[in-house]
Amino acid sequence: MYTTVNEDGILNNYPTETKMQFAEYPAIWEQRQYLIQGVFATLLVATLVLVAFTAS
């Protein structure tokens, strides 16, 4: 850890910077997985909303 001291004696601690990583575009099979997850999530939320309306 990199530390500096100013003229008042206050310490400033700086963390080490990590190497930058760039995101990669998802593969076609990953895109299909995201689509399937989105469909199931939408169905789940729609079902919960319908059950809440019918129960109230």
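Two strands count as paired if DSSP finds at least two bridges between them. Keep that in mind for the hairpin in this predicted model.

**Start with the hairpin**

Select Tyr 2. Its bridge partner in β2 is Tyr 14. Now add Thr 3. Opposite Thr 3 in β2 stands Asn 13.

Widen the selection to residues 2-5, which form strand β1. Then add residues 11-14, which form β2. β1 and β2 pair in the antiparallel sense, over 4 bridges.

Look at the turn next. The hairpin of β1 and β2 has 5 residues between the strands. Pick Gly 9 there: Gly 9 takes a positive phi near 85°.

**Step into the loop**

Select Pro 15. Pro 15 sits in the loop between β2 and α1. Is Pro 15 buried or exposed? Its relative accessibility is 65%, and the cut-off for exposed is over 50%, so Pro 15 counts as exposed.

Draw a distance from the C-alpha atom of Pro 15 to that of Thr 3. The viewer should give 8.8 Å. Along the chain, Pro 15 and Thr 3 are 12 residues apart.

Stay in the loop between β2 and α1 and select Ala 27. Ala 27 has a relative accessible area of 29%. Buried means under 20% and exposed means over 50%, so Ala 27 is partly exposed.

Now draw a distance between the C-alpha atoms of Ala 27 and Gln 37. They are separated by 15 Å, with the two residues 10 apart along the chain.

**Move onto the helix**

Select residues 28-55. This is helix α1. Pick Gln 31, which lies in α1. Gln 31 has 28% relative accessibility, which falls between the 20% and 50% cut-offs, so Gln 31 counts as partly exposed.

Try one more distance, from Gln 31 back to Thr 18. Their C-alpha atoms are 29 Å apart. The two residues are separated by 13 positions along the chain.

Next, select Leu 43, another residue in α1. Add Leu 35, Ile 36, Val 39 and Phe 40. With Leu 43, these residues make a nonpolar surface patch of about 520 Å².

Now select residues 34-55. An unreviewed UniProt entry places the feature "transmembrane region" here. In the model, this span is 100% helix and 0% strand. The C-alpha atoms at its two ends lie 31 Å apart.

**Zoom out**

Show the whole protein chain as a cartoon. How many helices and strands does the protein chain have? The secondary structure comes to 1 helix and 2 strands. Read along the sequence, the pattern is β-β-α.

Turn the view to follow the principal axes. The C-alpha trace spans about 70 × 40 × 10 Å along them. What is the radius of gyration of the protein chain? The value is 25 Å, whereas a compact globule of 56 residues would have one near 10 Å.

Finish with the surface. The protein chain exposes about 5,800 Å². Carbon and sulfur atoms supply 65% of that area. Buried residues make up 0% of the 56 residues.

Note on methods:
Residues numbered from 1 in each chain as written. Predicted model: local features only at pLDDT ≥ 70, side-chain atom pairs only at ≥ 80, totals over all residues. Heavy atoms only, no water. Patch = residues over 30% accessible without salt bridge, like charges linked within 9 Å, V, L, I, M, F, W, Y side chains within 5 Å. Areas by Shrake-Rupley, 256 points an atom, 1.4 Å probe, with all protein chains shown as cover. Salt bridge = Lys/Arg side-chain N within 4 Å of Asp/Glu carboxyl O. UniProt positions renumbered as here; feature names shortened; annotations may be inferred. Buried < 20%, exposed > 50% of the residue type's maximum accessible area, 1.4 Å probe, protein only. Rg over C-alpha atoms; globule rule 2.2 N^0.38 Å.
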